[in-house]
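Please open the model in your viewer and keep the selection panel at hand. The tour below proceeds stop by stop, stating what to select and what is found there.

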Amino acid sequence: MSLQVTDLRVYYRTLAGDVKALDGVTLGIADGEIMGLAGESGCGKSTFGNSLIRIEGRMKHVGGTVTLDGVPLPIDDQREMDHFRFAEVSIIPQYAMSALNPTRKIGKMVAELLATRGVRYRDAREELERRIVLVGLSRDVLDRYPIELSGGMKQRMVMVVSTLLDPSLLIADEITSALDVSSQRAVAQTLVEFRDRGFVKSMIVVTHDVSILYQISNTLAIMYAGKLAEKAPTEVMMSRPRHPYTRLLISSLPEIGVRFEEQRLSGIPGTPPSLLNPPTGCRFRDRCPLAIAKCAEEEPPFVEIEPGHSVACWMAT
Amino acid sequence: MRRYFGRKLLVYGLTFFIAATIDWLIPRFMPGDPVQSLVSRQGFGLSAAGSQALVDYYNRLFGLGRPIWEQYLNFWVSLLHGDLGRSVYLTGRPVTSVIMSAVPYTLALLIPAILLSWWLGNNFGALAARRKWLDNVVLPIGYIFTATPYMWLAIIVAWVFGFILNIFPISGGYSYSMEPSLTLGFLGSLLSHWFMPFISLFLVQFGGWAIGMRNMIIYELDADYSRYLGALGAPSGLVRRYAFRNAVLPQVTGLALQLGVIVSGALVTEIVFSYPGIGKLLLAAIQNEDFFLLQGIFLFVIGGVLIANFLVDIAYVLVDPRTRVGMSGGTA
Amino acid sequence: MLSLDRVSKSYKVGLFGGTDLPAVRDVSFSLQPGEVISLIGESGSGKSTIGKMILRLLSVNRGTISHDGTDISTLRGTALRAYYRTVQGVFQDPFSSFNPIFKADHVFGLIRGVYFGSASAAEWERRVDEALQAVTLDPGQVLGKYPHQLSGGQLQRLLIARALLLDTRYLVADEIISMLDASTRIDVLNLLGDLKARGLGILFITHDLSLGNYISERTVILRRGQIVEMGPTPAVFGKPLHPYTRMLIASVPQLHVKWGRLEAGERAGTGWTPAATEPCRYHGELLASGASASTAALAASGLVEIEDGHFTGCVSPNADGTCGGRPTTAS
Amino acid sequence: MTATRPADDAQLAVTPDAERAGGQGVPGGLSAPPVRGASEAVGSRREILYFVLRSRKVIVAAAILVVMIVLAVVGPILRPGDPNALVGPLASPPSADYWFGTTTFGQDIFAQFVAGLGASFLVGLAGGGLAAVIGVVIGFVAGYRGGIVDEILSMLTNVVLVIPTLALLLVATAYLAARGLLVEAAFIGLTSWPWAARAIRAQTFSLKSREFVDLARISGVSSWRVIFGEIAPNMSSYLFLTFVLLFGGAILIAASLDFIGLGPTDGTSLGLMMYNAVAWSALQLGLWWWFVPPGIAITAIVGALYVMNVGLDEIFNPRLRES
């Protein structure tokens, strides 16, 4: 196991009280695994990704542990965590297109960043340039300011920078959402290539777009209202989803060839519950066509029903 | 970049043109007859013939007898020759030379006060953004200083250091008992007279820059590039250095916007200390109703501010790479 | 009928409009009541610009947009208000579409002030209830609330209901579901299908091919301001003619078909560029067949009709957008 | 209406001036973008009030202003008559009879002080108000119309912006034989609007691209109603802050003008008091009670306005709130 997360809880402090954005998530990621993490907005998927690298602002670590390659990550200790960031855990943030310092030449910024890790720019330069070419940029971007690059180019540059120290775990947070279909495909496939070439050992790809994840991820985890609903190998998830939420979600996605006149798809009625005071029992029960009395009383545990396939639903077990 | 400067120069050229035109227009189109009002104030007790002589004199001076367009054209011709007319109260000395003899004093106050307050203010502000106790000290003091009228701070400085403690001389540019010369004694006198107006100018500006920088830094530390560095575990030193660099840019723009105010502040500060710069000259011009001198000072101040603005623009290009790579970045 | 005839638009950039930046070039198509056209393009394709021009939010530089024969750029005052009575729009961001300081039904109030000044309170309430019912919203749940108290899906439905309050015949739906969650977006999309059944003509602007394929009868594919292919949706998706269309379709992440491996050159993600050497076979065929007057007009805008109602543009256009396969007539 | 900005995607978006707005030595000015995202749309007035009552800055500043206003209103009742009248002993320090002492001519400084306070508030209100009106109109029109109208108005704004206000006021007022408070305020208002216009233009520009503006337009609503019914209410806090800063700025400019001897020719003002104090050697004679009160009053009023601006800005702009 490369990454083991146990009962992770991260809340947001607000005036009205704590928003339980991440409320007890347990999962493991193997070496070489690309795990896709999907769910509706506000389900806690980005909070999960971010809390593995930097708990900031109004985020508050309430409980749970994270172990990377057998070493516990001090996720709530900013200073201790600095030793792991970049080198062991790294992130391609959602805001990648504005993540580069506008007043520094990109190469200079990378050099200064590397220097903080005791890596000499001169030593890393060759590999850096190789990777820049790999993502379809030209070497001279290092002598440019970010403003001279398009949004997509900046994002690819950030992909290279974030993975330069060959981290064990990479978090890619909604990096395809702002892209056109054609670049979406290029970026997503580049992620796979990074893994294949060993730039990163394992990866968590956070997105709301399940179909992208189907293309690139080995395993798929679906979150709902701060909790994991289901996790399984991608093919299994697509062919035999067990959680009603997963099933409804997948069946609501139109594909090329599906047409309104011939096959009317339907969404999931209702909205997710507020995470300020989440309901007891199963959080999906209000929207669930299969809900029974037990769902309101007792929270379904996240249990493995077959190797690698876990579900949190009374009706699935 | 050429467009950036082109646009700036256009604005400055237009500004000077408009300002000079206003300068020309005002004595001619203000309500009432300026010449009459001048005469009635200056020629108090004169006979009717004497008043008429004075009226004629002023009409001739302003060139009021000729067609309007010719007056305007003549005004520009003499302006471009550096001829701003003659000072009435200083017995007919050319306004240009009167002003030129005052300019060094004003510049000696302004340049160090502006540069030092900007530089120290920015560094202090950046420091305050990171130390809570400093923040709690710098902020209130800064607000008090920026809210203080320039002349009042000058008065208080003069009162405390000049009257109560009696360390520095209260008025003048150098000791009245001395002749200007290149001796150590005279330079010392210059310096001791210079200090109080300088420090009061410095103090008023300092607070504003410190507060501005503090706010900008906090803003920048929240920016995406700062968050990214944080997520990659960069030490706070590097993050702060980047934030400072980006926060300085609006401070440079701010400097350009503040120049007019600072110069005005210098004028009133000089008046408090009877410091022999443009400000003192200005007061004399107003009290003696020396309108050529007044209008000359006006044009001079505007020209100076425009040149200073342009220097700041050049500085902006030097610190902001984005203007150099040809994209937008600077503000109009 | 709402029709665009060789519509072009460029933006002026720089001091006193120094540079022209073309956004839309020679776009012609028309929208009938009771049909959904999806206008598909990537960012910078000009798709939203077209929507805004139809809604008179932007002016047209060249060409005309006409509504039942009237050039809409001539409409002023009352005539313009009458136009908005029949042509309406819904935009991408539900949260930005509502003024955050007003309650959500402020958007109804605006319409009431302009169009229903004389309607009684009861009459107005009846109309609102009817419109909300049509978009399956419960009045009690949405009226009197601030926008941030409602979900994105509810807000978009409110906007559609707003359009229904008027005698809307044509609706410009600009990316209206791209910011909604997967579980709710399909229902809003279905709503468009239901409106079509009520006789509305809908221009569905989207970057998402599978959504366009799902809801529309006809599809228009835009690239850099120009139409590269248009026709009946099954034809465009089932038998794409233009290489750009093919590339787009191949890039769509499907749920049960995996992508092929990308060529090294495609990794750059700069999108499709026309092959310089490939001759334009469509114009060749057209010229050989002896162009009729109407097809010639279309050919001038770089489009030819390959089969019934299915048009495609030139494979290798010149820099100015004209056909690269016509050696002589390009001017 | 021509737009100078591609609507489709933000690749070429003309970035609005990102600089902060700054008036007369305004510390920090207005923080740049209070265009709120939907998620942080504070909206409710109750929440604003909650923060106002909890903000020490706002409360202290408001208290200072209230004290000053009360003094300006009640003072003239306590000391009726011409504040410049020669009523008491010459150059007497503060005493029970003359709370703030007297001038070298025997004028009651307290009487002058309260009259000057009133004058300052009047100049601030009228001058700041006029500047706000001009700035708002120019800012809205330039930002909303865009295109050539924007180019011309922005050019005008920039021209007036770089002219040193005081210098312009000097030549303008020097020719006036009789100067009243309102004339002074009018001149100040006419020259101090540019930074406000620029700031409001930038705000309008960014609000204009929000979809609710388009929605109002396709509802058949007129341009003026879009500006004042949709855009302006969204900027109400920003407009208020702008006025607060202009108010303080006008008081400072008026003080400088008075101090140079170009103040109102009738009555008195805080700046005029300082002018007289310096002119009649109060410094050399150590008559501190003559020049200290007017300066303290101006500093207190302007400082309170600035602090209030910051306090309110923190409330309206959640990002600045200290966590």
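How many bridges join β11(A) to strand β12 of chain A, and do these strands run parallel or antiparallel? Select β12, residues 309-311 of chain A: three bridges join this strand to β11(A), and the two run antiparallel. Within this pairing, E306(A) has H309(A) in β12(A) as its bridge partner. The model is a predicted one, and the predictor assigns the complex an ipTM of 0.86 and a pTM of 0.85.

**The sheet of chain A**

Now widen the selection to the whole sheet. It is an open sheet of eight strands in chain A, in the order β6-β7-β8-β3-β9-β10-β12-β11, and its pairing is mixed. The edge strands are β6 (89-92) and β11 (303-306) of chain A, each of which pairs on one side only. From one strand to the next, the twist averages 25 degrees. Strands of a sheet pair through backbone hydrogen bonds, either parallel or antiparallel.

Move to the edge at β6(A). This strand pairs with β7(A) in the parallel sense, over four bridges. The bridge partner of S90(A) in β7(A) is L170(A). In a regular strand the side chains alternate between the two faces of the sheet. Is β6(A) covered on one face or on both faces? Both faces are covered: V89(A) and I91(A) are buried on one side, and S90(A) and I92(A) are buried on the other.

Next, add helix α6 of chain A, residues 181-196. This helix lies across β3 (34-38), β7 (169-173) and β8 (202-206) of chain A. Relative to β8(A), α6(A) runs at about 165 degrees.

**A helix with two faces in chain C**

Turn to chain C and select α5, residues 121-134. What span should its 14 residues have at 1.5 Å a residue? The expected value is 20 Å, and the end C-alpha atoms of α5(C) are 20 Å apart, which agrees. Colour V128(C), A131(C) and L132(C), which are buried. Viewed down the axis of α5(C), the buried residues fall within an arc of 100 degrees, so they line one face of the helix. An α-helix has 3.6 residues a turn, so residues three or four places apart point the same way.

Show α4 (106-115), α6 (139-142) and α7 (152-165) of chain C as well; these are among the elements that cover the buried residues of α5(C). On the face turned away from the buried side, look for the exposed residues A122(C), E123(C), R126(C) and E130(C). Just after α5(C), T136(C) adopts a positive phi of about 50 degrees.

**Where chain C meets chain A**

Select the contact between these two chains. Chain C contributes 38 residues to it and chain A contributes 37 residues. On the chain C side, α8 (182-197), α9 (209-215) and α11 (243-251) each supply at least two residues. The largest share of that side, eight residues, comes from α8(C).

**Chain B and its contact with chain D**

Select chain B alone. It has 13 helices and zero strands. Of its 332 residues, 48% count as buried. Among contacts in chain B between residues at least 6 apart in sequence, 68% join residues at least 24 apart.

Add chain D to the view. The contact between the two takes 63 residues from chain B and 50 residues from chain D. Elements giving two or more residues to the chain B side include α1 (2-29), α8 (184-221) and α12 (291-319) of chain B. Which element gives the largest share of the side of chain B that touches chain D? That element is α10(B), with twelve residues.

**Two backbone details**

Most residues other than glycine have a negative phi, and most peptide bonds are trans. S274(B), in the loop between α10 and α11 of chain B, has a positive phi of about 45 degrees although it is not a glycine. With 17 C-beta neighbours inside 10 Å, S274(B) counts as partly exposed. R6(C), in strand β1 (residues 2-13) of chain C, also is not a glycine and has a positive phi of about 45 degrees. R6(C) is partly exposed, with 16 other C-beta atoms within 10 Å.

**Last stop: confidence in chain C**

Colour chain C by pLDDT. Its mean is 84, and 80% of its residues reach 70 or more. Over residues 326-331 of chain C, pLDDT stays under 50, and the model has four contacts beyond four places in sequence for this stretch. Where pLDDT is low, the predicted coordinates should not be read in detail.

Notes:
Residues are numbered from 1 along each chain as its sequence is written. Chains are lettered from A and ligands numbered from 1 in the order in which they are written. Two strands pair if DSSP finds at least two bridges between them. Axes are lines fitted to C-alpha atoms, for helices over the stretch in contact, and angles run from 0 to 180 degrees between N-to-C directions. Two residues are in contact if their C-beta atoms, placed from the backbone, lie within 7 Å. pLDDT is the predictor's confidence in each residue, from 0 to 100. The expected span of a helix is 1.5 Å times one less than its number of residues. A residue is buried if 20 or more other C-beta atoms lie within 10 Å of its own, exposed if 12 or fewer, and partly exposed in between; C-beta atoms are placed from the backbone. The arc is that of the directions from the helix axis to the C-beta atoms.
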